[in-house]
Amino acid sequence: MAKDVQVVGLKSCRAGEPLPKGVKGAGAADLIKAFTQITQPYDGGITANWTIPTNTEFRREGEVDPFYSMRDPSSGSKELTWTVADFDDDTLAFYFGGEDAAEGEVYEGEKAFAFDAKSGETIVFARLKYVATLTGNINKSTPLQISVSATVLAPTEGGKSWGVIATPAYTAAAVQSASL
């Protein structure tokens, strides 16, 4: 019998180099263990905005139900969004490119991300392309925030683009690294 998976409550966020063979591919576990912790999202969560692939139905004249239905596997999208309110120079460099950013152009980063849940599970994305903007207010009730939008991309060498795993034991170097 399959184990129920409950991904509840965001505990920490981590990022690292993309996983070329996907979340369950060869070497992925070691790469994930080396991910470094990044700043926790504002209000403690991320939002998944996934759309269902387009469905085309074929109907006969005068019949209510279609005689054939086909999904277009190349349609639909997977996007994650989150905001960060607590940021420093390293966080700004991570999301806006630092020295890698070209002046006058929008920086698009590409990393693998792991979101550790308080329930003991981690949802891992092998490759996200992300872009960030500043949003919010500078006042006493709403902090200025970095708003992040990330698109789930296929791993470069095939494999699963995302998956839920048991939260790994991160390596000492990754655990001790400064938050981004």
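**Nonpolar cores, salt bridges and surface features**

Within the largest nonpolar core, which holds 20 residues, the members that touch the most other members are W82, Y95, F113 and F115. At least two residues of this core are supplied by each of β1, β6 (77-84), α2, β7, β8 and β9. Strand β8 provides the largest share, with five residues. These descriptions, like those that follow, refer to a predicted model.

The surroundings of Y95 illustrate how this core is assembled. Leaving aside residues up to four places away in sequence, Y95 touches I38, W82, V84, Y107, Y130, A132, I146 and V148. Among these contacts is W82, which, like Y95 itself, belongs to the core members that touch the most others. A second core, separate from the one described above, comprises 10 residues, including L19, V23, A114 and V124.

Charged side chains were examined next. Seven salt bridges are present in the structure. One of them joins the side chains of K21 and E157, with a nitrogen-to-oxygen distance of 3.4 Å. This pair links distant parts of the chain, the two residues being 136 residues apart. K21 is located in the loop between β1 (10-16) and α1 (28-33), whereas E157 is located in the loop between β9 (145-152) and β10 (162-166). The partners also fall into separate classes of accessibility: K21 counts as partly exposed because its relative accessibility is 39%, while E157, at 51%, lies over the 50% cut-off and therefore counts as exposed.

Strand β8 contributes to two further salt bridges, formed by K129 and by R127. In the pair of K129 and E108, the closest N and O atoms are 3.9 Å apart. K129 lies in β8 (residues 121-135) and E108 in the loop between α2 (89-96) and β7 (109-117), so that parts of the chain 21 residues apart in sequence are tied together. With a relative accessibility of 33%, K129 counts as partly exposed.

The side chains of R127 and E110 meet at an N to O distance of 2.8 Å in their salt bridge. Here R127 belongs to strand β8 and E110 to strand β7, so the pair ties together parts that are 17 residues apart in sequence. R127 counts as buried because its relative accessibility, 17%, is under the 20% cut-off. Its partner E110, at 31% relative accessibility, counts as partly exposed.

On the surface, F58, F67, Y68 and M70 make a nonpolar patch of about 400 Å². Of these residues, F67 is placed in the loop between β4 (55-58) and β5 (68-71). F67 has a relative accessible area of 45% and is therefore partly exposed.

A final position considered is K11, a residue of strand β1. Its relative accessible area of 57% is over the 50% cut-off, so K11 is exposed. Apart from residues up to four places away in sequence, K11 touches Q40, D116, A117 and K118. Between K11 and A101 the C-alpha to C-alpha distance is 30 Å, and the two residues are 90 residues apart in sequence.

Key
Residues numbered from 1 in each chain as written. Predicted model: local features only at pLDDT ≥ 70, side-chain atom pairs only at ≥ 80, totals over all residues. Heavy atoms only, no water. Salt bridge = Lys/Arg side-chain N within 4 Å of Asp/Glu carboxyl O. Helix = DSSP H or I, 4+ residues; strand = E, 2+ residues; numbered from the N terminus. Buried < 20%, exposed > 50% of the residue type's maximum accessible area, 1.4 Å probe, protein only. Patch = residues over 30% accessible without salt bridge, like charges linked within 9 Å, V, L, I, M, F, W, Y side chains within 5 Å. Areas by Shrake-Rupley, 256 points an atom, 1.4 Å probe, with all protein chains shown as cover. Core = buried A, V, L, I, M, F, W, Y, C linked by side-chain atoms within 4.5 Å. Contact = heavy atoms within 4.5 Å.
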